[in-house]
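Please work through the exercises below with the sequence and the coordinates at hand, and try each task before reading its solution.

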Amino acid sequence: MIRIVLDIRGFVFDIDGTICDYDGLLNLEAAHSISWLRKLGYPVLLASGRGPWDTYYLGVYLGCTPVAVCENGGILMTSPTDIKIYGDKTVSLEAYDLLCKNIQEVKLKPVSARLTEVVLLRTFDASEGQKLLDSKKVAVTINDSKFALHLTKSGINKGRTLLEGLKIVGLNPKQVAVIGDSDTDLPMFEVCGFSAAVGNAPDHVKSRATFACKNPIGDGAVEAVAHIVKDVISN
């Protein structure tokens, strides 16, 4: 077997479905892996569909590098008072209003405050909703994080905003490993040098990752870290 040896110098973790379950319960072994990586000197960033304070302060408690990609790329947060906004909630609210008028099952999901997007329960067919938005030329993408459906301004995604965050950290994206579980993580898979999909990820997400884990949420993140450190970084 030929080993892949890459110059990995940083890590990015999605939150829900990757290091936490979909009810927000943090896997302690995944938390330990993040702490271990930090002690080894690696920058570790969080990139999530969660709101800025949820994402940033979970990173603080885990000892992560203070750069957080939030709201599926709608926000980049680097301190409690330094928030850069890329999304536009105005168009997300327009999309929400249109969906509510045409699809009975559309319902808001109770979440912390969002600055750039509207978060919905997974109670309707997202593809049908997207067709409706496209037909009315509403520039919003319905992103399925498996935690919820997110109405996000078109063109905004985790990969695009992660690139801005990596500039702050001083990392080349090709030297970064990203670990995730859903469609919202695919833009990060595309820009980073190495990607891992945890075991609960859909098959089409796994097929686009460098490495597909056998284990699901939490344990899958630990498996990914072990694989990267042993078989990717090591000679």
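**Exercise 1. Find the volume of the largest cavity and describe its lining.**

Solution. In this predicted model, the largest cavity holds about 80 Å³ of space. The step before this is to ask how many cavities there are, and a search of the whole structure finds one of 30 Å³ or more. Rolling a probe the size of a water molecule over the atoms shows where empty space is left. Turning next to the walls, one counts 14 lining residues, of which D16, S48, G49, S145 and F147 lie nearest the centre of the largest cavity. When the lining is sorted by residue class, it divides into one nonpolar, seven polar and six charged residues.

**Exercise 2. Identify the largest nonpolar core and the elements that contribute to it.**

Solution. The largest nonpolar core has 28 residues, and those with the most contacts inside it are F11, F13, I19, I179, F194 and I228. Two or more residues of this core are given by each of β1 (10–13), α1 (28–39), β2 (44–47), α2 (52–62), β9 (176–180), β10 and α8 (219–233). The largest share, five residues, comes from α8. To see one member in detail, take I19, whose contacts beyond four places in sequence include F13, L25, L26, A30, I34, L46, L62 and A221, together with D14, N27 and G218. Apart from this core lies another, of 22 residues, among them V67, V69, V205 and A209.

**Exercise 3. Compare the surroundings of N72 and K137, for which phi is positive.**

Solution. Most residues other than glycine have a negative phi. N72, although not a glycine, has a positive phi of about 55°, and a positive phi of about 55° is also found for K137, again not a glycine. The next step is to place each residue in the chain: N72 is in the loop between β3 (68–70) and β4 (75–79), whereas K137 is in the loop between α4 (126–135) and β7 (140–144). The last step is accessibility, where N72 counts as buried because its relative accessible area of 2% is under 20%, while K137 counts as exposed because its value of 75% is over 50%.

**Exercise 4. Determine whether Q175 and A197 are buried or exposed, and list what each touches.**

Solution. Q175 is placed in the loop between α5 (158–169) and β9. Its relative accessible area is 18%, so Q175 is buried under the cut-off of 20%. Leaving out residues up to four places away in sequence, Q175 touches D7, I8, R9 and G10. A197, by contrast, lies in strand β10, and at 0% relative accessibility A197 is buried. With neighbours within four places in sequence left aside, the contacts of A197 are G180, F189, V205, K206, A209, F211, A212 and C213. As a distance check, the C-alpha atoms of A197 and D185, which are 12 residues apart along the chain, are separated by 9.0 Å.

**Exercise 5. Locate N200 and find the backbone nitrogen that lies 2.8 Å from a polar atom of its side chain.**

Solution. Begin with the position: N200 is in the loop between β10 (194–197) and α7 (203–206). Then list its contacts, again without residues up to four places away in sequence, which gives G17, Y22, K146, D181, P216 and I217. Finally, examine the polar atoms of the side chain of N200, one of which lies 2.8 Å from the backbone nitrogen of I217.

Technical notes:
Residues are numbered from 1 along each chain as its sequence is written. This is a predicted model: local features need pLDDT of at least 70, side-chain atom pairs count only at pLDDT 80 or more; totals for chains, interfaces and linings use all residues. Side-chain values use heavy atoms; hydrogens and water are left out. Helices (H or I, at least four residues) and strands (E, at least two) are DSSP runs, numbered from the N terminus. A polar contact is a pair of N or O atoms within 3.5 Å; within protein, one must be able to donate a hydrogen and the other to accept it, and residues adjacent in sequence count only if both atoms are side-chain atoms. Contact means heavy atoms within 4.5 Å. A nonpolar core is a set of buried Ala, Val, Leu, Ile, Met, Phe, Trp, Tyr and Cys residues joined through side-chain atoms within 4.5 Å. Buried means under 20% relative accessible area, exposed over 50%, partly exposed in between (1.4 Å probe, protein chains only). On a 1 Å grid over the protein atoms alone, a cavity is a set of points where a 1.4 Å probe fits but cannot get out, and a pocket is an open set with protein on both sides within 12 Å along at least five of seven lines; lining residues have an atom within 4 Å of a point. Grid points are joined across faces, edges and corners, and a volume is the space filled by probe spheres set on the points. Ala, Val, Leu, Ile, Met, Phe, Trp, Tyr, Cys and Pro count as nonpolar, Asp, Glu, Lys and Arg as charged, and the others, Gly among them, as polar.
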